[in-house]
Amino acid sequence: LDALEVRGLMTIGQFVADPEAARPTFRALRELSGRLRSGGAALGPELSMGMTDDFEVAVEEGATIVRVGRALFGERPHPHEDGPVDHAH
């Protein structure tokens, strides 16, 4: 896949109540990224990891991209909370 440029790696931390519990996942991805690069892999520098509830821990572990949509835009309504969905229209 010569036209494919891998810009980095991405993970979503374990879904847990305490953001600190997601740290091992973020650390493992950072370490894997380092091993791949030192082994000669054509891998970009990005580490996309961390979301609204755990991005601080992800940044401490080396995240270069975080996903914080809920922090910026609020919760998304669940599709079934407003009653049945009318698919006819």
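How many bridges pair strand 2 with strand 3, and in which sense, parallel or antiparallel? Let's find out by clicking through the model.

**Before you start.** This is a predicted model, where local features need pLDDT of at least 70, side-chain atom pairs count only at pLDDT 80 or more, and totals for chains, interfaces and linings use all residues. Residues are numbered from 1 along each chain as its sequence is written, and side-chain values use heavy atoms, with hydrogens and water left out.

**Stop 1: strands 1 and 2.** Select residues 8-11 and 46-51: these are strand 1 and strand 2, parallel and joined by 4 bridges. (Strands are DSSP runs of E with at least two residues, helices are runs of H or I with at least four, and both are numbered from the N terminus; two strands pair if DSSP finds at least two bridges between them.) Walk along strand 1: Gly8 sits opposite Glu46, Leu9 has Leu47 as its bridge partner, and Thr11 faces Met49.

**Stop 2: strand 3.** Now add 65-67, which is strand 3. Here's your answer: strands 2 and 3 pair in the parallel sense, over 2 bridges. Look for Met51 opposite Arg67. Together you have an open sheet of 3 strands in the order 1-2-3. Strands 1 and 3 are at the edges with a single partner strand each, so one side of each has no neighbour in the sheet.

**Stop 3: the helices.** Select 23-38, helix 1, which makes a right-handed β-α-β unit with strands 1 and 2. (Right-handed: with the strands pointing away from you, the path from the first strand over the helix to the second runs clockwise.) Then pick 55-60: this is helix 2, and with strands 2 and 3 it makes another right-handed β-α-β unit.

**Stop 4: the largest pocket.** Show Phe15, Met51, Thr52, Asp53 and Arg70, which lie nearest the centre of the largest pocket among its 16 lining residues. (A pocket is an open set of points on a 1 Å grid over the protein atoms alone, where a 1.4 Å probe fits, with protein on both sides within 12 Å along at least five of seven lines; lining residues have an atom within 4 Å of a point.)
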